[in-house]
Amino acid sequence: MPTTSQQELFRFLEDRFACAQACTECARACALRASLVDPDGTEQQELVRRKGIMCAEVCDATCRVLSEQNHLDEAGIRVQLEWCRTVCLESAHVFDGQPGAEESAEACRACAKACTEFIATLV
């Protein structure tokens, strides 16, 4: 039977993986959303495109931070997660007003939630 510290480590790694997976899903959804917007469209469409690209890039970077054996300390990981959460929530808000963007907005909210939950595991 695993010890409490082993159980805590397993839980931490599961939460880290879940957050990385949510970031991957969000990056995919946002990149797709951005690709569907006409680059010569309205100002609102341009905002959706820019937010989609930015969110995809931030989520991708966050996923890499969580997936790789890197040398970032806990404070650096926390900053990355908070940045990702903020960008995801901003993107979800922008996507809310767009027809057909519900899935992208939901992916952004799920990623923000996963980041929030993972931040809570960092002491």
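Contact means heavy atoms within 4.5 Å.

**Figure 1. Overall fold of the predicted model.** The protein has four helices and zero strands (DSSP runs: helices H or I of at least four residues, strands E of at least two, numbered from the N terminus). Of the contacts with a separation of 6 or more, 71% join residues 24 or more positions apart. The C-alpha trace spans about 60 × 25 × 20 Å along its principal axes. Buried residues (under 20% relative accessible area, 1.4 Å probe, protein chains only) make up 39% of the 123 residues.

**Figure 2. Helix α3, residues 74-96.** From first C-alpha to last, the 23 residues of α3 reach 33 Å, close to the 33 Å expected at 1.5 Å a residue (1.5 Å times one less than the number of residues). Among the buried residues of α3 are I77, L81, C84, C88 and F95.

**Figure 3. The largest nonpolar core.** This core (buried Ala, Val, Leu, Ile, Met, Phe, Trp, Tyr and Cys joined through side-chain atoms within 4.5 Å) has 34 residues, and C59, L81, C88 and C111 have the most contacts inside it. Two or more residues come from each of α1 (4-36), α2 (43-67), α3 and α4 (102-121). Leaving out residues up to four places away in sequence, L81 touches C19, T62, L66, C115, F118, I119 and L122.

**Figure 4. R16 in helix α1.** R16 is buried without a salt bridge (side-chain nitrogen of Lys or Arg within 4 Å of a carboxyl oxygen of Asp or Glu). E74, the nearest side chain of opposite charge, is 8.2 Å away. The R16 side chain reaches the backbone oxygen of L66 at 2.7 Å.

Residues are numbered from 1 along each chain as its sequence is written. In this predicted model, local features need pLDDT of at least 70, side-chain atom pairs count only at pLDDT 80 or more, totals for chains, interfaces and linings use all residues, and side-chain values use heavy atoms, with hydrogens and water left out.

Conventions:
Buried < 20%, exposed > 50% of the residue type's maximum accessible area, 1.4 Å probe, protein only. Lys, Arg positive; Asp, Glu negative; His and termini not counted. Polar contact = N/O pair within 3.5 Å; in protein donor to acceptor, adjacent residues only side chain to side chain.
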